[in-house]
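The following paragraphs lead through one protein model and the molecule bound to it. They begin with the overall layout and then turn to the binding site.

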Amino acid sequence: MDLSTVGVIGLGYIGLPTAAVLASTDIKVVGVDVDPRTVDAVNNGDVPFVEPDLATYVAGAVKKGTLRAATTPEPADAFIIAVPTPFTGNHEPDLSYIMAAAESVAPQLSGGELLILESTSPPGATEKMARRILDLRPDLSLDGSDGRPVLHFAHCPERVLPGRVMIELVTNDRVVGGLTPEAAERARKLYATFCQGEIVLTDAKTAEMTKLVENAYRDVNIAFANELSLIADKLEIDVWELIRLANHHPRVNILQPGPGVGGHCIAVDPWFIVDADPEQSRLIRTAREVNDGKPEWVVEKVLDAVRDVRAPTIAALGLSFKANIDDLRESPAVEIVDRLARTAPDARIAVVEPHVETLPEQLARHGNVELVSVDEALKADVVAVLVNHDAFDDADLKGVPGTVVDTRGMLR
Ligand code: SAJ
């Protein structure tokens, strides 16, 4: 089995790091993206987003000639598809990016290729993708029937943590699910070129579900912490102390409450399980609702604090979806500031986000939101701590004249 050339479809937060790591092992990688700006950036040895060490990998591989980018796929021994799987308005998985990627790869196949779906997917998606490709290429097959050349399909979900992607790509264990055992075995060989963790084989549907379950597990546990934060607030108990004390028990490990759950994974993936079995996913659905309800609760708390102040100044510390990153996608902090700007148009909203230079469009369009320094923000009538960035560690929250609404437990 030859695996000397690999096409990576989708050069986003997972595809580009994967392409760069593969290229560092001397495999020839062609990264494909529909956005010509991404393709140009990579071909110039640049990265279109911030992730520690990624720039070094990309620049090195492009210079060495093992990594190149293009807007359309080219023939290769294996393809890794790492495109987004958002959900629709009804929380149903949207497989259109996966299907578009499959359609773009189909004409490049000649039989014998390995096709790996890495995108987080609902159970059955790898099989659907295979069916679409085989519909377009009836001269190829899954099992070699009628003497037609075989295609090997597998699902291998990524599980890397933003901010630690280049390390976790190499050190995390990988779950590889094949549509056939042979496909799983081939995919194992590809990942073994760079993955030092254990590579565990299963079938495609179980691999798809494994990824969803990991993120739903975390979502449910964060929801428990978020629910506790509401109860503790009502009972006038410090939730951070409560959790710290309960976690002294040897078998209790409660996670941390926050302003809500952000990012493009944990707030999305559990819905794919709910969609697959709505009747029995009661806990998973409720956890999503609890976490999605938290930003609104924070907004109420903030507005309550300035109910009697005319034209108040409201400060928000942090916009990213978690600490020490610049990723504002699906961030509860952005949602909170957006809601505040709309609900209190006479307020001035002073935002501090050390990891960005400009406000996202969603906030810039409001006339009453601006980026300020920490010192400026701490003078506000109410200070909402939305992200626990290290950069806020030295902020004197205890000394502020206004009220502090602390969603991250920094006021201690
Ligand atoms: N959060 C809390 N309290 C906590 C932990 C997290 O409120 O105690 C919030 C964060 O502030 C953030 C959100 O949850 O808004 C998600 O952050 P995270 O650090 O839990 O996870 P992500 O989204 O950065 O990455 C997750 C990881 N999944 C798991 O830990 C099970 C990562 O390993 C996955 O690769 C990634 O999702 C993904 O791509 O699916």
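The C-alpha centres of domain 1 and domain 2 are 34 Å apart. The two domains touch: 15 residues from domain 1 and 13 residues from domain 2 take part in the contact. In the domain assignment of the protein chain, domain 1 covers residues 5-197 and domain 2 covers residues 213-406. The model is predicted, and the values given here are computed from it.

Where does the ligand lie with respect to these domains? Domain 1 (5-197) and domain 2 (213-406) both contribute residues to the shell around the ligand, so the ligand lies between them. The space that the ligand takes up is the second largest pocket.

The ligand is surrounded by 20 residues. The closest are Val160, Lys211, Arg218, Gln256 and Phe321. Sorted by class, the shell consists of nine nonpolar, seven charged and four polar residues.

Three of these closest residues, Val160, Lys211 and Gln256, can be followed down to single atoms. At Lys211, the side chain provides the partner: one of its polar atoms lies 2.6 Å from an oxygen atom of the ligand. At Val160, the backbone is involved, with a polar backbone atom 2.7 Å from an oxygen atom of the ligand. Gln256 also takes part through its backbone, where an N or O atom lies 2.7 Å from a nitrogen atom of the ligand. How much of the ligand does the protein bury? Taken alone, the ligand exposes 770 Å², and the protein buries 88% of that area.

Note on methods. Residues numbered from 1 in each chain as written. Predicted model: local features only at pLDDT ≥ 70, side-chain atom pairs only at ≥ 80, totals over all residues. Heavy atoms only, no water. Near = heavy atom within 4 Å. Polar contact = N/O pair within 3.5 Å; in protein donor to acceptor, adjacent residues only side chain to side chain. Areas by Shrake-Rupley, 256 points an atom, 1.4 Å probe, with all protein chains shown as cover. 1 Å grid on protein atoms, 1.4 Å probe; cavity = no way out; pocket = protein on both sides within 12 Å on 5 of 7 lines; lining within 4 Å. Sits in = over half its atoms within 2 Å of the grid points. Nonpolar A, V, L, I, M, F, W, Y, C, P; charged D, E, K, R; others polar. Domains from an automatic or database assignment. Contact = heavy atoms within 4.5 Å.
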